[in-house]
Amino acid sequence: MKKFLIAANANKDKNLIMAKQVQNYIELHGGTGEICVDAENIPEDCNVDCVIILGGDGTMLMASGRLAGKGIPMIGINLGTVGFMADVDPSNLEDALDSLLHDRYRIEERMNLAGTIYHNGQETEAATALNDIVVARSGYSRIICLRIYVNGELLDVYEADGVIVATPTGSTAYNLSAGGPIVSPRTSLILVTPVSPHSLTSKSVVLSADDEIEVEIVPKRKSQKEEAFATFDGQGYAKLQPGDRIRIRRSPKMTKLVKIYSASFYEVLRTKMGVTR
């Protein structure tokens, strides 16, 4: 790799100090590096060998939305907290850059979800997500009622704060906080996890990556028009009304992550979770 875009989270990389350090090192060693302030500003016509993300997993999710399906891999320098995707520590920055410049790396492809929102049977919005698509109650409203269908067949009815539909990559994000299972990001499947369900029997369900999930907002109270909202990787806030549906399936777009370390997912998981024995 020789041609890089450096996407820096301006809130975490104050005055772009690290971005400029990365740029200088790359150019000193025969490559080219262009700095982009914040991942949401990655250009649509981006044409580089790799995008280097300076930030946390949230910054990488934003970059994924810009890069998914373009065939351009990305790697994260972790300036956040946990960092399951942005797994390069700043203390190893130069070693990581050397690995990229000398083609010592591997590429992991991660599945995305495609979600389409329907109001009165008409498509209103569509987006993709690397981690998850979440339907949650709006504001301080009471619990919402959600019908979950799989391939057109009713799976369950959740009275809950919401539901998370996650990829394997997203299993260690909100899905984990809601009590869902952790799965290897190398698998191909879809997780459906209720958020604070008003039931002792509502649990996470693991589905095939080829299944189609539909979430329907069930009318409960005549006095409340706006029941819920949907987010895609924590972004793309969309208001939902009773009767609205979100259809979710595996996206044909893939996210490519550059990996330069030999540590397995399970070793990384132990480290991030603070398991010492």
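**Overall form and local features of the chain**

Aspartate 103 has a relative accessibility of 47% and therefore counts as partly exposed, since the partly exposed class lies between 20% and 50%. The structure is a predicted model, and the values reported here are computed from it. Aspartate 103 is placed in the loop that runs between α3 (93-101) and β5 (106-119). Its phi angle is near 60 degrees, a positive value in a residue that is not glycine.

A positive phi is also found at asparagine 151, where the angle is near 55 degrees and the residue is again other than glycine. Asparagine 151 sits in the loop between β8 (144-150) and β9 (153-160). With a relative accessibility of 48%, asparagine 151 falls under the 50% limit for exposed residues and over the 20% limit for buried ones, so it is classed as partly exposed.

At the level of the whole chain, the secondary structure consists of five helices and 16 strands. The C-alpha atoms occupy a box of roughly 65 × 45 × 35 Å along the principal axes. The radius of gyration is 20 Å; because a compact globule of 277 residues would have a value near 19 Å, the chain agrees with that expectation.

Of the 277 residues in the chain, 50% are buried. The area exposed by the chain is about 13400 Å², and carbon and sulfur atoms account for 47% of this area. When contacts between residues at least 6 apart in sequence are considered, 67% of them join residues at least 24 apart.

The charged side chains comprise 30 positive and 34 negative charges. The mean position of the positive charges and that of the negative charges lie 4 Å apart.

One aromatic pair is present in the structure. The pair is formed by phenylalanine 229 and tyrosine 237, with 4.9 Å from centre to centre and 20 degrees between the planes. Because planes under 30 degrees apart count as stacked, the pair of phenylalanine 229 and tyrosine 237 is assigned to the stacked class. Tyrosine 237 has a relative accessibility of 47%, and this ring-bearing residue is therefore partly exposed.

Technical notes. Residues numbered from 1 in each chain as written. Predicted model: local features only at pLDDT ≥ 70, side-chain atom pairs only at ≥ 80, totals over all residues. Heavy atoms only, no water. Helix = DSSP H or I, 4+ residues; strand = E, 2+ residues; numbered from the N terminus. Rg over C-alpha atoms; globule rule 2.2 N^0.38 Å. Buried < 20%, exposed > 50% of the residue type's maximum accessible area, 1.4 Å probe, protein only. Contact = heavy atoms within 4.5 Å. Areas by Shrake-Rupley, 256 points an atom, 1.4 Å probe, with all protein chains shown as cover. Lys, Arg positive; Asp, Glu negative; His and termini not counted. Charge placed at Lys NZ, Arg CZ, Asp CG, Glu CD. Phe/Tyr/Trp six-rings, centres within 6.5 Å; stacked < 30°, edge-to-face > 60°.
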